[in-house]
Amino acid sequence: MAHAAKRIGILTSGGDCPGLNAVIRGAVKTAERHGYEIVGFIKGYEGLVDPVTYIPLNGKNTAGILTQGGTILGSTNKGRFAATVGVQDRLELDPVLMAGVQATYEQLGLHGLICVGGDGSLAVAQQFHEYGLPVVGVPKTIDNDLSATAFTFGFDSAVACATDALDRLHTTAASHERVLVLEVMGRHAGWIGLYAGIAGGGDVILIPEIPWTFENVCSKILERDQQGKKFTLVVVAEGAELPDGELVTAERRQDCRQTRLGGIGNVVAYEIEKRIGRDTRVCVLGHLQRGGGPTTFDRVLATQFGSHAVRLIIEGKFGEMVCYQPPSILSVPILTAVNKLSQVDANSSAVQAARALGISFGDTANVAGPFGRKEVTEIEELSSDIPDLLETPVVETPSEEVTTSDEPLPAEWEAAAAYADAAMW
Ligand code: F6P
């Protein structure tokens, strides 16, 4: 079938995240200005075949979507197009399905297809590429776990949400002298936990990349007690393995889909209460991290990604994924991005800065000194230390300028002073 107009397709696949609409808008505006029509497939790869479902996109029906969360095209997680099982194991796509997709390309006269997705969705795009279909990828995920790009859009928005949650938990934790555990998403990468933990003033950050123990977590809480800080904020990433190596899962799946993570926050809170008897509460942030509009950073990144994806198609650079390698937007083969999970480097500057501030990662690296990763012996018998730690009085040395009096403070002043001390970060 002959087509007068040059046509590009776009779809959003996998779990949604803030910034998807900004990519769509960026692609549409760029395509239109370069004389291309653009169509959006509905519900991710599902819209490509049996039945083929799409809408023509233009400046009019994408106006105002820059700031909107979710995706106007809808999305499907896995569905009939699942090219991975578990973290990275490849699943071959059904050849009948592939033939159907090829027929859609031909019928619509697609010059290229922009696939916006995370590692699973980009693995599908890679198989399209190997099949000979012109495709480019755009990395999307709040987890920030794709290699070859410094950041995926959606991550900054998720971190902003988790940081806001910590700000709120901070005041209630201080008021009640409680331990508050915040469970965040991120699958097998600790990026959200690390960044939100730093930005939100977390005291303990537990992430998949740094092995930790309950003893060290409790030790940090007691250390803060000793300093007069009677509350503690613990940030735990859903994919942080328990000290025995077990992952806490919300459900075990029998089908080919990835196991859903979740529940570690409750385990951590339970253990803290059991071991040191501290009043502890849990907040599981869940899908709030995926909802809402994108931050300014994500709007800028997503807009550039959408625009650059169209450029790749116009230049015929298929099988490539756009990426952010500061300060530039570039592209790499999709395969490079999906082959390896991007995880937090336990020696990165962010981790080192956090340690220098006294943030605990539940390991023992910070005990000997604030910088670097000096290994010291783990505190093994914490329970025998607890009475001592709790009974040690806090001795305050008044500065020379302050005149002291033997008169007892009025009761309401004492309470206010205690609150002010406890509320310090
Ligand atoms: O990959 C994004 C993500 O939000 C993960 O952080 C989380 O584990 C997972 O998706 C949740 O998936 P679902 O929306 O299918 O429950």
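Is Arg187 buried or exposed? I began my notebook with this question, working on a predicted model. I counted 24 other C-beta atoms within 10 Å of Arg187. A residue is buried if 20 or more other C-beta atoms lie within 10 Å of its own, so I entered Arg187 as buried.

**Entry 1: Arg187 and its loop**

I located Arg187 in the loop between strand E8 (179-184) and helix H5 (191-199). I then looked up its backbone angle and found a positive phi of about 50°, although Arg187 is not a glycine. For a second case of this kind I turned to Lys43, a residue other than glycine with a positive phi near 60°. Lys43 belongs to the loop between E2 and E3. I noted that Lys43 is partly exposed, with 17 other C-beta atoms within 10 Å.

**Entry 2: The ligand**

I next listed the surroundings of the ligand and found 13 residues there. Arg187 is among the closest, together with Gly15, Asp143, Met185 and Leu261. I sorted the shell by class and obtained three nonpolar, five polar and five charged residues.

Where does the ligand lie with respect to domain 1 and domain 2? I recorded domain 1 as 6-153 + 294-338 and domain 2 as 158-291 + 346-392 + 395-422. Both domains give residues to the shell, so the ligand lies between them.

**Entry 3: Helix H5**

I followed the chain from the loop of Arg187 into H5. How many of the nine residues of H5 are buried? I found seven, and therefore described H5 as largely enclosed by the rest of the structure. The buried residues are Trp191, Ile192, Gly193, Leu194, Tyr195, Ala196 and Gly197. I looked up their packing partners, which are helix H4 (155-176), E8, strand E9 (204-206), strand E10 (232-237) and helix H10 (349-356). Just after H5, I noted that Gly201 has a positive phi of about 70°.

**Entry 4: The seven-stranded sheet**

I traced an open sheet of seven strands and wrote down the order E3-E2-E1-E6-E7-E14-E15, with mixed pairing. Its edge strands are E3 (54-57) and E15 (328-333), each of which pairs on one side only. On average, neighbouring strands of this sheet are turned by 30° against each other, direction ignored. I reminded myself that strands of a sheet pair through backbone hydrogen bonds, either parallel or antiparallel.

I examined one pair in detail. Strand E1 (residues 6-12) and strand E2 (residues 36-41) are paired in the parallel sense over five bridges. In this pair, I found Ile8 opposite Ile38 in E2.

Which strands does helix H3 lie across? I found H3 (residues 119-131) across E6 (110-117), E7 (135-139) and E14 (320-325). Helix H3 runs at about 165° to E7.

**Entry 5: Two cis peptide bonds**

I checked the bond from Asp50 to Pro51 and found it cis, with omega near 0°. Pro51 is in the loop between E2 and E3, the loop that also holds Lys43. I entered another cis bond between Pro326 and Pro327, where omega is about 5°. Pro327 sits in the loop between E14 and E15.

**Entry 6: The protein as a whole**

I closed with the overall counts. The protein has 12 helices and 15 strands. Of its 425 residues, 45% count as buried. Among contacts with a separation of 6 or more, 73% join residues 24 or more positions apart.

Terms used: Residues are numbered from 1 along each chain as its sequence is written. This is a predicted model: local features need pLDDT of at least 70, side-chain atom pairs count only at pLDDT 80 or more; totals for chains, interfaces and linings use all residues. A residue is near a molecule or strand if its C-beta atom, placed from the backbone, lies within 6 Å of it. Ala, Val, Leu, Ile, Met, Phe, Trp, Tyr, Cys and Pro count as nonpolar, Asp, Glu, Lys and Arg as charged, and the others, Gly among them, as polar. Domain bounds come from an automatic or database domain assignment. Helices (H or I, at least four residues) and strands (E, at least two) are DSSP runs, numbered from the N terminus. A residue is buried if 20 or more other C-beta atoms lie within 10 Å of its own, exposed if 12 or fewer, and partly exposed in between; C-beta atoms are placed from the backbone. Two residues are in contact if their C-beta atoms, placed from the backbone, lie within 7 Å. Two strands pair if DSSP finds at least two bridges between them. Axes are lines fitted to C-alpha atoms, for helices over the stretch in contact, and angles run from 0 to 180 degrees between N-to-C directions.
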